[in-house]
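Reader: Hi! I'm new to looking at protein models. Could you walk me through this one?

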Amino acid sequence: MKLKQRVVLLAILLVIFIFTKVFLIDNLDTSAANREDQRAFQRMLAGLRVALDPRLEHTLQSPWEIAAQWVVPREVYPEDTPELGAVMHAMTTKKIIKADVGYKGTQLKALLILEGGQKVVFKPKRYARDYIVEGEPYAGYDRHNAEVAAFHLDRILGFRRAPLVVGRFVNLRTEIKPVATEQLLGTFMTVNNTCFYGKCYYCRETEPACADGDIMEGSVTLWLPDVWPLQKHRHPWGRTYREGKLARWEYDESYCDAVKKTSPYDSGPRLLDIIDTAIFDYLIGNADRHHYESFQDDEGASMLILLDNAKSFGNPALDERSILAPLYQCCIIRVSTWNRLNYLKNGVLKSALKTAMSHDPISPVLSTPHLDALEQRLLSILATVKQCTDQFGPDVVLVEDRMTLSHL
């Protein structure tokens with residue numbers, strides 16, 4: 001064989017080798033990642049039922065210490081949480097040793113200190129399960145049951161970025177008033193039932209939350225450990241909340257390009273977190289995430305924490321597509337998120353959420369129309385991603401961004 005032919009043959013073999021290495025190995029890696037996503041999904045399904053059992057494996061630790069140790073920059077709780085039921089049992093049964101107004105925010109809530117020194121945020125029931133909140137998608141009072149449902153959806157999606165939430169019944173006369181601060185006690189009244197109106201931006205004496213007699217249904221959200229201070233950020237896709245005034249993202253189709261040039265969205269996981277959150281919010285019908293929190297001094301590396309999800313599940317007939325703007329304007333999504341959404345098709349999402357919420361003290365948490373709405377919204381999300389992949393190709397749209405998570 002002539003030298004020139006040998007050189008050509010070697011060049012062809014080299015090209016074939018490089019092609020095999022780049023494409024075949026990459027595909028094997030992707031397949032391995034997909035298999036891990038499938039295994040993670042099956043583990044999630046197997047652990048959906050959370051029996052509220054007081055027993056702890058680590059008997060030398062309190063449930064509060066265990067929950068505090070779970071928190072890391074990219075998770076509020078780990079995938080494997082055998083003691084989740086014990087922590088949630090403590091949240092719904094531990095004695096209330098102090099009750100105060102929840103100052104921050106626009107909506108009525110109370111800050112409770114439970115036995116052992118753990119803070120929780122109590123949100124009272126304002127609506128019946130089948131009540132439909134009319135008007136703008138962010139209208140109405142906070143929905144306590146929405147907090148419970150959103151927490152379990154966070155588990156099902158595999159995000160693990162929402163603080164723990166569980167339903168709780170409290171006796172306002174015997175559990176709250178004897179340990180209430182003067183500020184909170186001053187907002188109590190009796191109008192056939194025991195009521196209170198608290199202190200917040202929209203709190204009014206004329207609009208109290210009332211118990212059924214003395215017993216009030218609500219939700220309690222576990223306060224994140226003080227060693228993890230929060231930093232508040234304006235959401236880049238936030239609304240103006242002014243009639244006739246649009247935010248830039250509502251009229252600028254190239255808005256995502258501008259976002260990508262600003263910190264912390266120009267590098268790191270934050271933009272993909274924004275898109276995960278848009279998917280989460282669209283499913284629950286939350287159009288009110290004008291700000292969000294991350295851990296302080298994180299330089300964009302920590303998660304977007306899914307706090308304050310109570311403006312959700314207001315109207316099952318309203319699918320506010322604008323919530324998905326980060327997804328359809330940026331046209332990117334994590335591969336792991338995309339896989340999880342596909343695993344939840346064909347009724348799996350509805351069934352999984354019903355199972356996850358079945359042991360909650362305030363079960364049934366959601367009415368059937370809201371569960372049905374989740375199924376329809378999931379299909380809309382999948383269709384939106386398909387439009388993106390049809391336009392730009394899956395290699396551009398599906399982003400492999402698996403964060404290493406460690407619990408030391």
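Reader: Let's start with Ile176. Which residues is Ile176 in contact with, leaving aside its neighbours within four places in sequence?

Author: Sure! Keep in mind that this is a predicted model. With those neighbours set aside, Ile176 touches Ile96, Ala99, Leu112, Val170, Asn171, Leu184 and Phe188.

Reader: Cool. And which residues have the most contacts inside the largest nonpolar core?

Author: Ile176 is one of them, along with Met91, Ile156, Leu164, Trp237, Ile279 and Leu283. That core has 104 residues. Helix H8, residues 270-284, gives the most to it, with nine residues. Domain 1 and domain 2 each provide at least three residues of this core.

Reader: Where do those two domains run along the chain?

Author: Domain 1 covers 43-49 + 68-222, and domain 2 covers 230-399. Their C-alpha centres are 23 Å apart. Each side puts residues into the contact: 51 from domain 1 and 51 from domain 2.

Reader: How much area is buried between domain 1 and domain 2?

Author: About 4,000 Å², with carbon and sulfur atoms giving 66% of that.

Reader: And how many salt bridges are there between them?

Author: Four salt bridges are counted between domain 1 and domain 2. There are also 19 residue pairs in polar contact across the interface. On the side of domain 1 that touches domain 2, H4 supplies the largest share, 13 residues.

Reader: Switching topic: is helix H3 enclosed or open, and why?

Author: H3 spans residues 84-93, and nine of its 10 residues are buried, so the helix is largely enclosed by the rest of the structure. Among the buried ones are Leu84, Val87, His89 and Met91.

Reader: What covers the buried residues of H3?

Author: The cover includes helices H2 (63-70) and H4 (144-157), together with strands S2 (110-114), S4 (165-171) and S8 (215-222).

Reader: You mentioned S4. What does the side chain of Arg168 reach at 2.8 Å?

Author: The backbone oxygen of Lys94. Arg168 sits in strand S4, and a polar atom of its side chain is also 3.0 Å from the backbone oxygen of Met91. Arg168 has 2% relative accessibility; the cut-off for buried is under 20%, so Arg168 counts as buried.

Reader: Last one: is Glu75 buried or exposed?

Author: Buried, at a relative accessible area of 3%. Glu75 lies in the loop between H2 and H3, and its side chain makes a polar contact of 2.8 Å with the side chain of Arg160.

Note on methods. Residues are numbered from 1 along each chain as its sequence is written. This is a predicted model: local features need pLDDT of at least 70, side-chain atom pairs count only at pLDDT 80 or more; totals for chains, interfaces and linings use all residues. Side-chain values use heavy atoms; hydrogens and water are left out. Buried means under 20% relative accessible area, exposed over 50%, partly exposed in between (1.4 Å probe, protein chains only). Helices (H or I, at least four residues) and strands (E, at least two) are DSSP runs, numbered from the N terminus. Contact means heavy atoms within 4.5 Å. A polar contact is a pair of N or O atoms within 3.5 Å; within protein, one must be able to donate a hydrogen and the other to accept it, and residues adjacent in sequence count only if both atoms are side-chain atoms. A nonpolar core is a set of buried Ala, Val, Leu, Ile, Met, Phe, Trp, Tyr and Cys residues joined through side-chain atoms within 4.5 Å. Domain bounds come from an automatic or database domain assignment. Buried area is the accessible area (1.4 Å probe) that two parts lose on being put together, summed over both. A salt bridge is a side-chain nitrogen of Lys or Arg within 4 Å of a carboxyl oxygen of Asp or Glu.
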